[in-house]
Amino acid sequence: GGMLGAAVMASANVAGSAPAVSSITAVLVACIAYVYFDVALARQYALLLLFITYAVVVFCQFDGTTKGDPSFALVRTIDVLIGVLIAVTVNRTLWPSYARHTLRDSMMTSMRDAR
């Protein structure tokens with residue numbers, strides 16, 4: 001998302017035009033929504049991160065006159081990657097895989113008993 005935002009903001013002609021940025025963002029939203037709801041249901045969080053990172057990179061730099069700074073996109077992308085690595089590490093450490101299966105079985109039993 002960050003690199004996609006950097007690509008949009010790299011050209012002064014595109015980055016300085018609200019209709020161009022809006023059009024590109026609308027197409028991106030349509031593509032992500034299609035994949036989010038129809039194709040990759042198991043990857044919804046990744047798609048959400050992609051769009052949020054894109055939006056932050058584009059709209060924090062958009063002023064309607066100049067192109068964006070690529071270092072902002074790089075820093076934002078690195079921040080997201082660090083956050084993902086921390087989340088995966090904490091998830092693997094504090095929530096072992098066997099606990100997920102135990103929780104799922106317990107929830108299914110509880111739902112079955114509630115009927």
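Helices here are DSSP runs of H or I with at least four residues, numbered from the N terminus, and an axis is a line fitted to C-alpha atoms over the stretch in contact, with angles running from 0 to 180 degrees between N-to-C directions. The model is predicted, so local features need pLDDT of at least 70 and side-chain atom pairs pLDDT 80 or more, while totals for chains, interfaces and linings use all residues. Residues are numbered from 1 along each chain as its sequence is written, and side-chain values use heavy atoms, leaving out hydrogens and water.

**Exercise 1. Describe how helix α1 packs against helix α4.**

Step 1: Start with the geometry. Helix α1 (residues 2-9) and helix α4 (residues 44-61) have axes 7 Å apart, at an angle of about 30°. The pair is therefore roughly parallel, a label for angles under 35 degrees (over 145 is roughly antiparallel, 65 to 115 roughly perpendicular, the rest oblique).

Step 2: Now list who touches whom, with contact meaning heavy atoms within 4.5 Å. From α1 come G2, L4, G5, A6, V8 and M9; from α4 come T53, Y54, V57, V58 and Q61.

Step 3: Sort these residues by class. The contact of α1 with α4 holds seven nonpolar, four polar and no charged residues (nonpolar: Ala, Val, Leu, Ile, Met, Phe, Trp, Tyr, Cys and Pro; charged: Asp, Glu, Lys and Arg; polar: the others, Gly among them).

**Exercise 2. Do the same for α1 and helix α5.**

Step 1: The axes of α1 and α5 (residues 70-94) come within 8 Å and cross at roughly 170°. That makes the two helices roughly antiparallel.

Step 2: On the α1 side, G2, M3 and A6 meet A73, L74 and T77 of α5.

Step 3: By class, this contact of α1 with α5 has four nonpolar, two polar and no charged residues.

**Exercise 3. Characterise the aromatic pair, then place T25 beside its rings.**

Step 1: Searching the whole structure gives one aromatic pair. The ring centres of F51 and Y54 are 6.2 Å apart and the planes are at 35°, so the pair is tilted (centres within 6.5 Å; planes under 30 degrees apart are stacked, over 60 edge-to-face, the rest tilted).

Step 2: Check accessibility. Y54 is buried at 0% relative accessible area, whereas F51 is partly exposed at 23% (buried is under 20%, exposed over 50%, partly exposed in between, with a 1.4 Å probe and protein chains only).

Step 3: Turn to T25, which sits in helix α3 (residues 18-39). Beyond its neighbours within four places in sequence, T25 contacts F51, Y54 and F59. With 9% relative accessibility, T25 counts as buried.

Key: Rings of Phe, Tyr and Trp (its six-membered ring) pair if their centres lie within 6.5 Å; planes under 30 degrees apart count as stacked, over 60 as edge-to-face and the rest as tilted.
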